[in-house]
Structures are given as structure tokens and as C-alpha cells.
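Q: Please take a close look at one part of this model, and then follow the fold outwards from there. Keep it brisk.

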Amino acid sequence: MVKNIVFDFGGVLLNWNPKYFYRTYFKDEKEMEYFLSHICTEEWNAEQDKGRSFEEGVRLLQKQYPQYAEPIRMFKDKWECMLKGEFTRSVDLLKRLKGEGYGIYGLTNWSAETIPLVYSKYNFFQLFDGIVVSGEEKVIKPDPKIYRILLERYNLTAENTLFIDDNSANIETAKQLGFKTIIFDNFENVSLRISVLIDKKR
């Protein structure tokens, strides 16, 4: 019986992608792709999600790639330009589930520096009963520790909690811990799976 639903943020509720900014910065698409796959990589950004400051991350990368000092700095300075908006249907689904009485929680890999910008920009975050942010905890998914922080902090039981994420590794850890899970591949599939899993007669 599902009582609580845990949402990931990026790729599920929010449309964030550094390409939204760097397409306006680089004149050459191939150079942008190179920059994001070899310099400001997902692995580098994950260290900010894990608690490293953007200032330190930028400084280390500029030292390694001085020829890209300016676009590296832009990752911090123009971060908000990489946030295109909310996924409206996902947010509407969250609101519906909240209205039906489910506990709504967040578990996200996100920098502690930028999460306040997100909270102030999107008022649907007021609907959450609790949120765990990797940058604040200094641990990121799929490390089981951050899932346990969520469970213990909000007195949740994995077996009656549904976890929704767009990353298969994050989903796998949740399964191993006993959560019910849905991978966010597309909205139609997710909506259908939720309707099958949840018990509306709770």
C-alpha cells in the first residue's frame, strides 16, 4: 500500500540543462558538445551536488583548462539560464496526488547553493512534506545513505513509499532498499504506472 511518493527534481519536475545557456555562448555546436562532455562534465557538476562549492569547482577547472576560463565561470554565473522551467504535467500530477492525501517528498541531487533559487522560483515546492538535498547532506544518489536520511528524517517506511526518478542507478538502489519504484522515461508511462500502483481506497 503506497502512502508516500518521493519525486526526483531534475528531469522529473524541472527542465534543467546546461545546453540551454551554452547554445547561446558557443557559436559552434561541436565545441559546445566538447566543452560539456570533456570539461564541465556531469561528473564535475556532481561534485557540486555532493557539497563542493561552485567557487572551488570553477577554480579547479579553470586551473586545468585556462583557455576555457570564461565559459567555465559562466556555469556558475549563468546557472539560472540553464533552468528552462517546470514540467507542467508532472507538477499537475504532484498536485493531484497531494490532493488525494499522499505524502509528497523530494530526494534530489542538487547543489546547496542553487536549490534556494529553485525554491523561490517555483511555488509548488510549498506542497512538499519534506525534501532531502544532496548538497546539504554531502552525499548523492545512488548512495544508499541519502535514501536512509530521507526515511529516518521523515519517519517513512520504504515498503509503502513510491520513488520516482529518471536515473536507472538511482532506481536500482531504491529497489534494493525496499521502495516501490517507477523510472521516469516519459510522462504517459509514469502516469499509467502510478495509477496501477497506488491504492486510491486507502
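**A helix pair, then the sheet**

A: Helix H3 (residues 42-49) packs with helix H4 (residues 54-64) at an angle of about 150°, and their axes lie 9 Å apart. H3 is therefore roughly antiparallel to H4, as an angle over 145 degrees counts as such. The contact involves Trp 44, Asn 45 and Gln 48 on the H3 side. H4 contributes Phe 54, Gly 57, Val 58 and Leu 61. The crossing of H3 past H4 is right-handed. This is a predicted model.

Now the sheet. It is open and built from 5 strands, with parallel pairing. The order is S5-S4-S1-S6-S7. S5 and strand S7 (180-183) take the edges. Each has a single partner strand, so one side of each has no neighbour in the sheet. On average, neighbouring strands are turned by 20° against each other, direction ignored. In general, strands of a sheet pair through backbone hydrogen bonds, in either a parallel or an antiparallel way.

Strand S4 (residues 103-108) deserves a closer look. Of its 6 residues, 6 are buried, so the rest of the structure largely encloses S4. Burial here means under 20% relative accessible area. Both faces of the strand are covered. Gly 103, Tyr 105 and Leu 107 are buried on one side. Ile 104, Gly 106 and Thr 108 are buried on the other.

Which strands pair with S4? Strand S1 (residues 4-7) does so in the parallel sense, over 4 bridges. Asn 4 has Gly 103 of S4 as its bridge partner. Strand S5 (residues 130-133) also pairs with S4 in the parallel sense, over 4 bridges. There, Gly 106 has Ile 131 of S5 as its bridge partner. From S4 the chain crosses through helix H7 (residues 115-121) to S5. This β-α-β crossover is right-handed.

Next, the S7 end of the sheet. Strand S6 (residues 161-165) pairs with S7 in the parallel sense, over 4 bridges. Phe 163 stands opposite Thr 181 of S7. Helix H9 (residues 144-153) packs on the sheet and touches S1, S4, S5 and S6. Its direction makes about 150° with that of S4. Helix H11 (residues 187-197) lies across S6 and S7. H11 runs at about 165° to S7.

The loops on either side of H9 hold some backbone oddities. Most residues other than glycine have a negative phi, and most peptide bonds are trans. The bond from Lys 141 to Pro 142 is cis, with omega near 10°. Pro 142 sits in the loop between helix H8 (134-137) and H9. Lys 138 is found in the loop between H8 and H9. Its phi is near 65°, a positive value in a residue other than glycine. Is Lys 138 buried or exposed? It counts as exposed, at 51% relative accessibility. Exposed means over 50%.

Asn 155 belongs to the loop between H9 and S6. Its phi is near 55°, positive in a residue other than glycine. Asn 155 is exposed, with a relative accessible area of 71%.

Methods. Residues numbered from 1 in each chain as written. Predicted model: local features only at pLDDT ≥ 70, side-chain atom pairs only at ≥ 80, totals over all residues. Heavy atoms only, no water. Buried < 20%, exposed > 50% of the residue type's maximum accessible area, 1.4 Å probe, protein only. Helix = DSSP H or I, 4+ residues; strand = E, 2+ residues; numbered from the N terminus. Pairing = 2+ DSSP bridges. Right-handed = clockwise from strand over helix to strand, strands pointing away. Axes fitted to C-alpha atoms, helices over the stretch in contact; angles between N-to-C directions. Contact = heavy atoms within 4.5 Å. Parallel < 35°, antiparallel > 145°, perpendicular 65-115°, else oblique. Left-handed = near helix turned anticlockwise from the far one by under 90°.
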